[in-house]
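These are my notebook entries from a first look through this structure. I write them for a reader who is new to it, entry by entry, in the order in which I looked things up.

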Amino acid sequence: MKNVSILLLIAALFLPGCRHAASPASPWQSVAIDAPPPGLVLMQAPADGTNVLRDLHGALAALEGRKSAARLFLGAAVSWDDATLKASPGARKVAIDAIYHSVQAGVLGEQFRQIRDLVDRMVKLAPTAAETHFALAYLRWILLSDGKKKSARASLADDVIRDLHNNLDALVKKYPTFDGPGDFDRQRIRIERDQVALMLSGAVTPTHP
């Protein structure tokens, strides 16, 4: 039941809901003196939801552990219907955060089928969205590193490297203010794009920080 409540909270934060006419503004608010404080207060958040997702994941990881938090995020992401995943950047933000945290928590292997199906849906429904470009790039970027974060360039086909570059390049050029999950902010994305470009040219074989 707790997991269901958490998924509903994620949905409430990032999906557009029903809108009702606002009550007339008034400087006077009635307050019951003995009323207990509300159990949950939803505050206004930045439109892109990046900070909210970071804080929510941090709280879940502290309570449930990193693996459970990653599974909960992925459960929310795969639950979106096609119309939501197509129209809602917030839903796609949850999706790429779920993918990122699944990798960071070490559950990519057990969740790979769900992640692959989720990314396939994003490609089908929102092929040019920033989040889709990031999802494709991140999964290919993982292949570029071994467990020690060293380049595994020799073991990868050129088309995988080229696809990674194309998706990173799309983010840099079409979505220059896009920040992905974790430390994949816009500066990191640009740096990775430039390093992959050098790999394609054969000028250098970079390692990742």
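Entry on A59. I looked up A59 and found it in helix α2, which covers residues 50–64. I then asked myself whether A59 is buried, exposed or partly exposed. Its relative accessibility is 40%, and therefore A59 counts as partly exposed. I also noted A69, which is 10 residues from A59 in sequence, with 8.8 Å between the two C-alpha atoms.

Entry on the model as a whole. I should record early that this is a predicted model. I checked the confidence next, and the protein averages a pLDDT of 76, with 67% of the residues scoring at least 70. Two stretches made me careful: over residues 17–33 the pLDDT stays under 50, and the model has zero contacts there beyond four places in sequence. Over residues 147–151 the pLDDT also stays under 50, but for this stretch the model has 10 contacts beyond four places in sequence.

Entry on the fold. I went through the secondary structure and noted nine helices and zero strands, so that my sketch of the elements from the N terminus on reads α-α-α-α-α-α-α-α-α. Of the 209 residues of the protein, 39% count as buried. I also looked at how far along the chain the contacts reach: among contacts with a separation of 6 or more, 67% are between residues 24 or more positions apart.

Entry on L85 and L118. I turned to L85, which I found in helix α4, residues 82–87. Its relative accessible area is 0%, and because the cut-off for buried is under 20%, L85 counts as buried. Which residues does L85 touch, if those up to four places away in sequence are not counted? I listed W80, R92, L118, R121, M122 and L125. For one of these, R121, I also noted the distance: R121 and L85 are 36 residues apart along the chain, and their C-alpha atoms are separated by 8.2 Å.

L118, which appears in that list, belongs to helix α6. With a relative accessible area of 1%, L118 is buried. Leaving out residues up to four places away in sequence, I found that L118 touches L74, A77, V78, L85, A95 and I99. I looked up W80 from this side as well, and between the C-alpha atoms of L118 and W80, which are 38 residues apart along the chain, there is a separation of 9.7 Å.

Entry on α7 and α8. Two packed helices are described by the angle between their axes and the distance between the axes. I looked up both values for α7, residues 130–143, and α8, residues 158–174: the axes come within 9 Å and cross at roughly 145°. The crossing of α7 past α8 is left-handed. On the α7 side the contact is made by A130, H133, F134, L136, A137, R140, W141 and L143, and on the α8 side by V160, D163, L164, N167, L168, A170, L171 and K174. I sorted these contact residues by type and wrote down 11 nonpolar, two polar and three charged.

I then followed α7 on its own. Its 14 residues reach 20 Å from the first C-alpha to the last, close to the 20 Å expected at 1.5 Å a residue. How many of its 14 residues are buried? I noted 11, so I describe α7 as mostly covered. The buried ones are A130, E131, T132, H133, F134, A135, L136, A137, Y138, L139 and W141. These buried residues pack against α5 (89–104), α6 (108–125), α8 and α9 (186–201).

Entry on α9. I compared the span of α9 with its expected value: at 1.5 Å a residue its 16 residues should span 22 Å, and the end C-alpha atoms are 23 Å apart, which agrees. In α9 I found R188, I189, E192, R193, Q195, V196 and M199 buried, and the buried residues of this helix pack against α7 and α8. I singled out E192, for which the relative accessible area is 1%, so E192 is buried. Its C-alpha lies 8.4 Å from that of H165, although E192 and H165 are 27 residues apart in sequence. My last note concerns G202, which follows α9 and has a positive phi, near 80°.

Terms used: Residues numbered from 1 in each chain as written. Predicted model: local features only at pLDDT ≥ 70, side-chain atom pairs only at ≥ 80, totals over all residues. Heavy atoms only, no water. Axes fitted to C-alpha atoms, helices over the stretch in contact; angles between N-to-C directions. Helix = DSSP H or I, 4+ residues; strand = E, 2+ residues; numbered from the N terminus. Left-handed = near helix turned anticlockwise from the far one by under 90°. Contact = heavy atoms within 4.5 Å. Nonpolar A, V, L, I, M, F, W, Y, C, P; charged D, E, K, R; others polar. Expected span 1.5 Å × (residues − 1). Buried < 20%, exposed > 50% of the residue type's maximum accessible area, 1.4 Å probe, protein only. pLDDT = per-residue confidence, 0-100.
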